[in-house]
Amino acid sequence: MLETKVTDDNLMVIEAKGAKWRTIHRMTRMQRFEACKNFDAPLFNHVDPEHFTAYILYKNGKPIGYAAWNFYNGDRDKPVLRQLYIIPEERRKGYGTYLFQTSRRMFSNSEKLYLESPSRATLCMLLKLGVLEIGGDVTRGKNVWFVPGM
């Protein structure tokens with residue numbers, strides 16, 4: 001897998017715990033607003049600490065995105081990327097790739113990857129990283145599966 005080109009030393013990914021969940025809730029409200037304006041934007045479900053492990057990406061102390069993970073049917077060998085979000089003004093700078101790779105390593109050491117309803121931007125990122133490939137009219141990947149939304 002390719003490594004991200006982000007070299008900014010002022011980036012930090014932390015697991016959302018306690019009061020940090022308020023940051024996740026603020027970002028999901030931003031996503032809903034964005035989805036209303038732009039039909040290409042994903043409309044995510046509410047993310048809660050009971051069902052998800054979330055990682056927040058900070059740049060210079062400001063939250064700019066998050067990734068939410070859990071396990072498919074509770075199986076610890078089946079990590080599912082449920083949501084990946086970067087605020088609009090920080091997109092196309094490599095931060096989504098950095099957050100995906102970092103949070104994936106932090107969440108699970110499984111070689112498998114499960115995806116829930118990925119956005120077009122997430123699919124393009126995974127294609128660029130070589131995680132997915134397009135063969136004919138099918139998108140597939142080695143050790144990658146798509147799962148239905150929760």
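What pattern does the protein follow, read along the sequence? Along its sequence the protein follows β-α-β-β-β-α-β-α-β-β-β.

**Figure 1. Meet the whole predicted model.** This is a predicted model, in which local features need pLDDT of at least 70 and side-chain atom pairs count only at pLDDT 80 or more, while totals for chains, interfaces and linings use all residues. Residues are numbered from 1 along each chain as its sequence is written, and side-chain values use heavy atoms, with hydrogens and water left out. The protein has three helices and eight strands; helices (H or I, at least four residues) and strands (E, at least two) are DSSP runs, numbered from the N terminus. Of its 150 residues, 45% count as buried, where buried means under 20% relative accessible area, exposed over 50% and partly exposed in between, with a 1.4 Å probe and protein chains only.

**Figure 2. How confident is the predictor, and where is its confidence lowest or highest among the elements?** The average pLDDT, which is the predictor's confidence in each residue from 0 to 100, is 79 for the protein, and 76% of the residues score at least 70. Helix α1 (residues 21-37) has the lowest mean of the elements, 66, and helix α2 (residues 95-107) has the highest, 94. Over residues 1-5 the pLDDT stays under 50, and the model gives this stretch 14 contacts beyond four places in sequence; a contact means heavy atoms within 4.5 Å. Residues 39-44 are also below 50, with 15 contacts beyond near neighbours in sequence. Where pLDDT is low, the predicted coordinates should not be read in detail.

**Figure 3. Follow the open sheet from edge to edge.** Six strands make up this sheet, in the order β1-β2-β3-β4-β5-β8, and the pairing is mixed. Strands β1 and β8 (144-147) stand at the edges with a single partner strand each, so one side of each has no neighbour in the sheet. From one strand to the next, the twist averages 30 degrees. Two strands pair if DSSP finds at least two bridges between them. Helix α2 lies across β1, β2, β3, β4 and β5, and runs at about 45 degrees to β3; axes are lines fitted to C-alpha atoms, for helices over the stretch in contact, and angles run from 0 to 180 degrees between N-to-C directions.

**Figure 4. Look at the strand partners one pair at a time.** β1 and β2 run antiparallel and are joined by five bridges; here methionine 12 has tyrosine 58 in β2 as its bridge partner. β2 and β3 are antiparallel too, over seven bridges, and leucine 57 is partnered by glycine 65 in β3. Their hairpin has two residues between the strands, and in this hairpin asparagine 60 takes a positive phi near 50 degrees. Seven bridges also join the antiparallel strands β3 and β4, with alanine 67 opposite leucine 84 in β4. By contrast, β4 and β5 pair in the parallel sense over two bridges, where valine 80 stands opposite tyrosine 114 in β5.

**Figure 5. Step inside the largest nonpolar core.** A nonpolar core is a set of buried Ala, Val, Leu, Ile, Met, Phe, Trp, Tyr and Cys residues joined through side-chain atoms within 4.5 Å. The largest one has 36 residues, and Leu57, Trp69, Leu81, Phe100 and Leu113 have the most contacts inside it. The elements that each supply at least two residues include β1 (11-15), β2 (53-59), β4 (79-86) and α3 (120-129). β3 gives the most, six residues. Eight of the 10 residues of β3 are buried, so the strand is largely enclosed by the rest of the structure. Beyond its neighbours within four places in sequence, leucine 57 touches several residues, among them Leu11, Ile64, Ile86, Tyr95 and Leu99.

**Figure 6. Compare the two sides of β5 with some exposed spots.** Leu113 and Leu115 point one way from β5, Tyr114 and Glu116 point the other way, and all are buried. Serine 117 sits in the loop between β5 and α3, with a positive phi near 40 degrees. Asparagine 73 belongs to the loop between β3 and β4 and counts as exposed at 69% relative accessibility. Alanine 121 lies in helix α3 and is exposed as well, at 58%.
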